[in-house]
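Q: Could we go through this structure together? I would like to start with the charged pairs and then move on to the strands and the core.

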Amino acid sequence: MLKHQINFRVRYCETDQMGFVHHGNYAQYFEMGRIEWLRNFGLSYKTMESEGIALPVVNLQTNFLKPCFYDDLLSLETEISAFPTAKIQFTYKLKRDGILVSTGETTLVFVDSIKQRPMKAPNHFMEMLKKEINQDEILSSK
């Protein structure tokens, strides 16, 4: 649906004693992808939180295909897999030199911070998505 890509280098502190990127860091990489995905489409966690909207992760899945190491230049593609309802799902493709090294998926739930209850995706969020998807369809048809 809507994709966004970021590039970053593996820091030394993200590796374990064996020299591999520690598995716990992949969740942080996915978070970086989500944050930049939102920012790219004109939204931010910070703004949503100030509006009383939280987005806790309720599911995280990671598939480790090849190891990553210190100083590797990685590219992470983040995409939503379906229109959000009360939840939003992201998929991730992590690559090094164009080779897929990991895939993942997260599910987050929109929560009203005051009521501490799930809620539907905010209207302004849905309007942004519709606008971006329409622009994407126009560009891809050319």
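Q: Where do Arg39 and Glu36 lie?
A: In this predicted model, Arg39 and Glu36 are both in helix 1, 3 residues apart, which is about one turn of the helix. They form a salt bridge whose closest N and O atoms are 2.5 Å apart.

Q: And how exposed is Arg39, and how exposed is Glu36?
A: Arg39 has a relative accessibility of 47%, so it counts as partly exposed. Glu36 is also partly exposed, with a relative accessible area of 26%.

Q: How many salt bridges are there in the whole structure?
A: A search of the whole structure finds 3. One of them joins Arg96 to Asp72, with an N to O distance of 3.3 Å. Arg96 belongs to strand 5 and Asp72 to the loop between strand 3 and strand 4, so this pair ties together parts that are 24 residues apart in sequence.

Q: Are Arg96 and Asp72 buried or exposed?
A: Arg96 is buried, and Asp72 is buried as well.

Q: What does Arg11 pair with?
A: Arg11 forms a salt bridge with Glu14, and the closest N and O atoms are 3.1 Å apart. Arg11 is partly exposed at 47% relative accessible area, whereas Glu14 is buried at 7%.

Q: Changing topic to the strands: how much of strand 6 is buried?
A: Strand 6, residues 99-109, is mostly covered, with 8 of its 11 residues buried. It pairs with strand 5 (residues 87-96) in the antiparallel sense over 10 bridges. It is also joined to strand 3 (residues 57-64) by 7 bridges, again antiparallel.

Q: Which residues of strand 6 are the bridge partners of Ile88 and Asn63?
A: Ile88 has Leu108 as its bridge partner, and Asn63 has Thr103.

Q: What links strand 5 to strand 6 in sequence?
A: The two strands form a hairpin with 2 residues between them. Asp97, in the turn, has a positive phi of about 55 degrees.

Q: What about strand 2, which sheet is it in?
A: Strand 2 belongs to an open sheet of 3 strands in the order 2-7-8, with antiparallel pairing. Strand 2 (53-54) and strand 8 (117-118) are the edge strands, each pairing on one side only. Strand 2 pairs with strand 7 (residues 111-112) over 2 bridges, and Ile53 stands opposite Asp112 there.

Q: On to the interior: which residues touch the most other members of the largest nonpolar core?
A: The core has 33 residues, and those touching the most other members are Tyr29, Trp37, Ile88, Leu94, Phe110, Phe125 and Leu129. At least two core residues come from each of strand 1, helix 1, helix 2 (45-50), strand 4 (73-80), strand 5, strand 6 and helix 3 (123-140).

Q: What is Leu94 in contact with, leaving aside its neighbours within four places in sequence?
A: Its contacts, with those neighbours left aside, are Phe8, Tyr26, Tyr29, Leu74, Ser75, Leu76, Ile99, Leu100, Val101 and Ser102.

Q: Finally, the outside: which residues form a nonpolar patch on the surface?
A: Met18, Phe20 and Phe69 form such a patch, with about 300 Å² of accessible area together. Met18 is located in the loop between strand 1 (3-9) and helix 1 (25-40).

Q: Why does Met18 count as exposed?
A: Its relative accessibility is 65%, and the cut-off for exposed is over 50%.

Methods:
Residues are numbered from 1 along each chain as its sequence is written. This is a predicted model: local features need pLDDT of at least 70, side-chain atom pairs count only at pLDDT 80 or more; totals for chains, interfaces and linings use all residues. Side-chain values use heavy atoms; hydrogens and water are left out. Patches are made of residues with over 30% relative accessible area and no salt bridge: like charges are joined within 9 Å, nonpolar side chains (Val, Leu, Ile, Met, Phe, Trp, Tyr) within 5 Å. Accessible areas come from the Shrake-Rupley method with a 1.4 Å probe; for residues, only the protein chains shown count as cover. A salt bridge is a side-chain nitrogen of Lys or Arg within 4 Å of a carboxyl oxygen of Asp or Glu. Helices (H or I, at least four residues) and strands (E, at least two) are DSSP runs, numbered from the N terminus. Buried means under 20% relative accessible area, exposed over 50%, partly exposed in between (1.4 Å probe, protein chains only). Two strands pair if DSSP finds at least two bridges between them. A nonpolar core is a set of buried Ala, Val, Leu, Ile, Met, Phe, Trp, Tyr and Cys residues joined through side-chain atoms within 4.5 Å. Contact means heavy atoms within 4.5 Å.
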